[in-house]
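Please look over the sequence and the predicted model shown here before reading the report.

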Amino acid sequence: MAAKKVTESFSKSLIEEVHKWGCMKQTGVSLRYMMEFGSKPIERNLLISGQFLHKELPIRIARRAIELESLPYGLSEKPAVLKVRDWYLDSFRDLRVFPDIKDTNDEKEFTKMIKAIKVRHNNVVPMMALGVQQLKKGMDPKIVYEDLDEIHQFLDRFYMSRIGIRMLIGQHVELHNPNPPPHCVGYIHTKMSPVEVAQNASEDARAICLREYGSAPEINIYGDPKFTFPYVPTHLHLMVFELVKNSLRAVQEHYMDSDRVAPPIRIIVADGLEDVTIKVSDEGGGIPRSGLPKIFTYLYSTARNPLDEYPDLGTADTVMTMAGYGYGLPISRLYARYFGGDLQIISMEGYGTDAYLHLSRLGDSQEPLP
């Protein structure tokens, strides 16, 4: 089915070219390099950046397209996964038919095209999640999901690569902004206040909790709001939002039938020499030790499966609810690792959970290229 589908909509020569480019070496960049290079977005630098992406993006996209063709357990044949693979092949073709970038006009046209590619891939995460849910629904319930290591490893590589592709495109596109916000170099904020980002992310998570449950625990943030370091605020917002959202849900459900007031969630921002660490602590009852290995897998969630609630959920209308795909933690950990950080979860069953988000403040680590 998958092979037939490929040859139907994509030429044999394109598929051969995908395999050729998928064997080429990827080139990683560091946060510091992106920041220094982008601090002078003159025409010459934008031209160099465009030429780099013209060669680099097809390599990264080809690698993912090849992997999408040969996934275990029949995952490649799921309708949602076929759709994602088609997006990758379309994007590869768009990049390869684009002529060499020789001058500023070429570079501007190229920038428009990669902007469209980024939009085309907006729904890759929910669409892949839907593919995995389609796989789960048809599987023998006796299969232990954590044992499906190949799928977890593939999704880790796939999403890590996606973070990198979107960062490179977004960074290049944003360097064209004629009025960048103060202290911003593309996506990177050179004086980002982690306390401020944590406040915004917490407010967003709390708003969702209020909407879903009708009430939400308080959130207390400790740390110096004046402390800043260079980082990508959208990445940090996503990670803190996810951790706080999990804590809110745990506390809310733990105290649902209690007369006691739900205790606040505490966020501590610590600034070390190597790392900036953000700790999110809750008293939501914790996670049993047997459940801890599962929390970073893509096939596990304690919430209801969205496909059970919306059995006719099609590939056209993927929804992201408060919880259910079980993707928040593994993807947050990838975002942390992308720039040399990490995410750890430590739990006390019967009491609560502490999440430690480590962010490297040196900015020297290369992208981890799957």
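The report below covers the basis of the model, its sheet, a helix packed on that sheet, and the confidence of the prediction.

## Basis of the model

This is a predicted model, in which local features need pLDDT of at least 70 and side-chain atom pairs count only at pLDDT 80 or more, while totals for chains, interfaces and linings use all residues. Residues are numbered from 1 along each chain as its sequence is written, and side-chain values use heavy atoms, with hydrogens and water left out.

## The sheet

Five strands (DSSP runs of E, at least two residues, numbered from the N terminus) form an open sheet in the order 3-5-6-8-7, with mixed pairing; two strands count as paired if DSSP finds at least two bridges between them. Strand 3 (219-222) and strand 7 (342-348) are the edge strands, each pairing on one side only, and the twist from one strand to the next averages 15°.

Within this sheet, strand 5 (residues 265-271) and strand 6 (residues 275-282) run antiparallel and are joined by six bridges, with I267 standing opposite V280 in strand 6.

## A helix across the sheet

Helix 12 (residues 328-338; helices are DSSP runs of H or I, at least four residues) lies across strand 7 and strand 8 (352-360). Helix 12 runs at about 135° to strand 7, where axes are lines fitted to C-alpha atoms, for helices over the stretch in contact (heavy atoms within 4.5 Å), and angles run from 0 to 180 degrees between N-to-C directions.

## Confidence

The pLDDT, the predictor's confidence in each residue from 0 to 100, averages 87 over the protein, and 89% of the residues score at least 70. Among the elements of the protein, strand 3 has the highest mean pLDDT (98) and helix 11 (residues 306-309) the lowest (47). Over residues 306-324 the pLDDT is below 50. Where pLDDT is low, the predicted coordinates should not be read in detail.
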